Each structure stands twice: as C-alpha cells, then as structure tokens.
Amino acid sequence: MDYSILPSPLDPTVNLKAKVGTTLTDPTYYRKLVGKLNFLTYTRMDIAYSVQHLSQFTQDPREPHLKSAFHLLGYLKGDPTMGIFMSHDPNCNIKAYCDSDWAACPDSRKSVSGYIILLGNSHVCWKSKKQETISLSSAEAEYRALRKVVEELVWLCRLLEELTVPFAKPVEVFCDSKSSLHIARNHVFHERTKHIEVDCHFVRSKLQEGLNSLHHVATDNQLADVLTKALTRVKNSAILGKLVVFARVYTLYCSEKRR
C-alpha cells in the first residue's frame, strides 16, 4: 500500500474514541500493525505517544483507528532513518522533564503522563502512558506524572552509583505546572489533596533527601509534550530538534566530522 508522507505522527484535529466508526472485518491486521509499531518505540521516542494511544483500541479496532495507524506509517515513511543521537560527551549529569494531558481520554477521562530523562545530552529513558486513576484536576494529573519520573530517577541513580558513574545531585526535574511544584514543597496537606497524599509523600521525601530538585519550565520549552499529546508539525519538529533526534544521514555526517 502506498502511504503519503505526513509531517506529524498523528493528526491533532482527530479525536479517536473507542466505539465510534465501522468495525474492522479483520481486527488481527490492526493488532499486528500496532504490535510491530510498538517495537519502534525503543528507538523512536517521537512515536511513543501515538503507539500507546493506538494500542488502547486493539480489543475492538474501528476504521478511524486504522486510518490513524496509516497516518503514523505515513509519518515514518517521511524519514525512516530518524533516531536518537547518543553523544560521546563524558558529561553524565541527569535532568528530566515530565508533563501530563489532563482528562485526555474521551472514554474514561483518564489523563496521559509522559516523561523524558536525559543523561548528558542524550535521552535514555522516556515513557508515555495513560494514568491508572482519574485525576480530579490538572494539578493532580501533573503531580502523578511527577511521581512517575521521580520513581524512574530513583532506579537510574542507583544504577549509576552501582556502576560508579559520577553524576551531580540533586537531579533537576522540570515541570510546567506551578501548582504541582507548590504541592511538592508544601508540608501542610490540604483536604483536597489527601487522596494523593502517598504520591506527595514519595516525591517530597526524595526532594528532602536531595535526590532531585524541582524547577518550573515554560510550556513552550516542555520537552515531554511530545509524549502526552498529538502535536502540530511545527511544534513536533521543534521539540525533536531540542532532543537531538535526527535522521541517520545527519548522524553519520556528525561522526565523520568528529574524525
């Protein structure tokens, strides 16, 4: 099948729902396609959100879901050699970005969390996943995303310590929600935050231990945006440029230039 080259992984104007559209005569085709795309997320972090979003409909795929999967194939066709660029810079300092899209799922109203962790100039960990519970506010959704990235940082820091790799502490964590940062630093729990008290205690305890430090980042500079929602061509390209995601041709050019 011939796919047109498209500039973004998903169409930001299309809102996919579970039970909308004609049922596919062969749902196995859709499931196999999404399964194969899932393997690409190990090196193509730019499609992580798209694949996790399409994976939600594997039980009962419809025509709009398959059309969006074909849209993703069109995006991959535009630059099949694109991938992460692993720098040889000896700097092993860690920093992380986390974000969420509140009530993003139109069927369950669950939010989507996303985070990116960079080791030096190379991103080594990323995740895009729908949250397990429904968040009652955008601040709560952001805080749950913050807890997820801090959990990953605990594991990564322990790994680097076991490998005797030096890195600076505290690890900088960037979030674009001032409300969630205020909750993390505030020692007094409000009655409206009691239901996320466990998450609050975990993040705050790591903050007090000096493992991480929390910083506000402007929405325009939030790199984790690419893992929480479908972006326009301009914003998608801008974030990938900041994350040093390039085509293989560019990577080979950089390698030859260093020689």
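The expected span of a helix is 1.5 Å times one less than its number of residues. Keep that rule at hand as you work through this predicted model.

**Exercise 1.** Work out what span helix H4 (residues 138-162) should have, and compare it with the distance between its end C-alpha atoms.

*Solution.* Start with the count: H4 holds 25 residues. Next, apply the rule of 1.5 Å a residue, taking one less than the number of residues; the expected span is therefore 36 Å. Finally, look at the end C-alpha atoms, which lie 37 Å apart, so the two values agree. Just after H4 comes Thr 164, whose phi is positive, near 55°.

**Exercise 2.** Find which residues touch the most other members of the largest nonpolar core, and which element gives this core its largest share.

*Solution.* First, the core has 34 residues, and those touching the most other members are Tyr 30, Met 45, Ile 116, Val 226 and Leu 243. Then list the elements that give two or more residues: helices H1 (27-40), H2 (48-55), H3 (63-78) and H7 (233-242), together with strand E3 (112-119). The largest share, six residues, comes from H3. Now pick out Met 45: leaving aside residues up to four places away in sequence, its partners include Ile 84, His 123, Trp 126 and Leu 240. A second, separate core has 27 residues, among them Ala 96 and Ile 183.

**Exercise 3.** Describe the chain as a whole: how many helices and strands does it have, and what percentage of its residues is buried?

*Solution.* Begin with the secondary structure, which comes to eight helices and seven strands. Then turn to burial: of the 259 residues, 45% are buried.

Definitions and conventions:
Residues are numbered from 1 along each chain as its sequence is written. This is a predicted model: local features need pLDDT of at least 70, side-chain atom pairs count only at pLDDT 80 or more; totals for chains, interfaces and linings use all residues. Side-chain values use heavy atoms; hydrogens and water are left out. Helices (H or I, at least four residues) and strands (E, at least two) are DSSP runs, numbered from the N terminus. Buried means under 20% relative accessible area, exposed over 50%, partly exposed in between (1.4 Å probe, protein chains only). A nonpolar core is a set of buried Ala, Val, Leu, Ile, Met, Phe, Trp, Tyr and Cys residues joined through side-chain atoms within 4.5 Å. Contact means heavy atoms within 4.5 Å.
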